[in-house]
Amino acid sequence: AELNANSSDVLVSNDHLQILKGAGVKNYPFGDTIENRGFNGALHYIPSPIRFVVAFDANNASFGAMFEVVAKSNIVIKTIDFHTDLVMSTKVEVWTKARTFISFESLPEAWTKV
């Protein structure tokens, strides 16, 4: 994604970053996706300790989310919180990929597990 993403693609934004609309994952961990899904949670990043929260969307159910973070300045994401409707602890996996996820939804070899 480019820094000047189409405003209709931006889910949330602040002075440091943009989170773009993404896709829900139908089949864990890779495969078919559901369009127009967003990240549900919070990113904690530096240079200053900032918690960037994305509102909970109860209609965003899936086995995961693919979304793009566009940095407007140098940041380091330190932790990620996920919103879920589960009432117990659960394990999650975080996978990263430089640039867009589009056209790579079904290609695990294009991703790096954190």
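The legends below describe close-up views of a predicted model.

**Figure 1. Overall view of the predicted, all-strand chain, with zero helices and nine strands.** Read along the sequence, the secondary structure follows the pattern β-β-β-β-β-β-β-β-β. Of the 114 residues in the protein, 27% are buried. Among the contacts with a separation of 6 or more, 62% are accounted for by residues 24 or more positions apart. The accessible surface of the protein comes to about 7,600 Å², and 52% of this area belongs to carbon and sulfur atoms.

**Figure 2. Close-up of a nonpolar patch on the surface, formed by V69, I77, I80, F82 and V92.** Together these residues present about 370 Å² of accessible area. Strand β7, which spans residues 76-82, gives the most to the patch, with three residues. F82 is found in this strand, β7, and has a relative accessible area of 39%, so that F82 counts as partly exposed. Because a residue needs over 30% relative accessible area to be taken into a patch, the value of 39% for F82 satisfies that part of the criterion.

**Figure 3. Close-up of the salt bridge between K113 and E93, with the closest N and O atoms 3.3 Å apart.** The pair links distant parts of the chain, since K113 belongs to strand β9 whereas E93 lies in the loop between β7 and β8, 20 residues apart. Both partners are partly exposed, K113 with a relative accessible area of 46% and E93 at 33% relative accessibility. In general, side chains of opposite charge can pair when their charged atoms come close. A search of the whole structure finds one salt bridge.

**Figure 4. Close-up of E105, a buried residue that has no salt bridge, in the loop between β8 and β9.** The nearest side chain of opposite charge is that of K97, and the distance to K97 is 9.5 Å. Because a salt bridge requires the side-chain nitrogen to be within 4 Å of a carboxyl oxygen, the separation of 9.5 Å leaves E105 and K97 unpaired by this criterion. A polar atom of the E105 side chain does, however, lie 2.9 Å from the backbone nitrogen of S103. When neighbours within four places in sequence are left aside, E105 is in contact with F30, G31, T33 and M66.

**Figure 5. Close-up of R99 and S103, two residues with positive phi in the loop between β8 and β9.** R99 is not a glycine, and yet its phi is positive, at about 65°. This residue is placed in the loop that runs between β8 (95-96) and β9 (112-113), and R99 counts as exposed, at 72% relative accessibility. S103, likewise not a glycine, has a positive phi of about 80°. S103 is also exposed, with a relative accessible area of 57%, and the backbone nitrogen of S103 is the atom that lies 2.9 Å from a polar side-chain atom of E105.

**Figure 6. Close-up of I102 together with A23, which are 79 residues apart in sequence.** In space, the two residues are separated by 9.1 Å, taken from C-alpha to C-alpha. I102 lies in the loop between β8 and β9, and at 49% relative accessibility this residue counts as partly exposed. Because the exposed class begins over 50% relative accessible area, the value of 49% places I102 below that limit.

How values were computed
Residues are numbered from 1 along each chain as its sequence is written. This is a predicted model: local features need pLDDT of at least 70, side-chain atom pairs count only at pLDDT 80 or more; totals for chains, interfaces and linings use all residues. Side-chain values use heavy atoms; hydrogens and water are left out. Patches are made of residues with over 30% relative accessible area and no salt bridge: like charges are joined within 9 Å, nonpolar side chains (Val, Leu, Ile, Met, Phe, Trp, Tyr) within 5 Å. Accessible areas come from the Shrake-Rupley method with a 1.4 Å probe; for residues, only the protein chains shown count as cover. Helices (H or I, at least four residues) and strands (E, at least two) are DSSP runs, numbered from the N terminus. Buried means under 20% relative accessible area, exposed over 50%, partly exposed in between (1.4 Å probe, protein chains only). Contact means heavy atoms within 4.5 Å. Lys and Arg count as positive and Asp and Glu as negative; His and the chain ends are not counted. A polar contact is a pair of N or O atoms within 3.5 Å; within protein, one must be able to donate a hydrogen and the other to accept it, and residues adjacent in sequence count only if both atoms are side-chain atoms.
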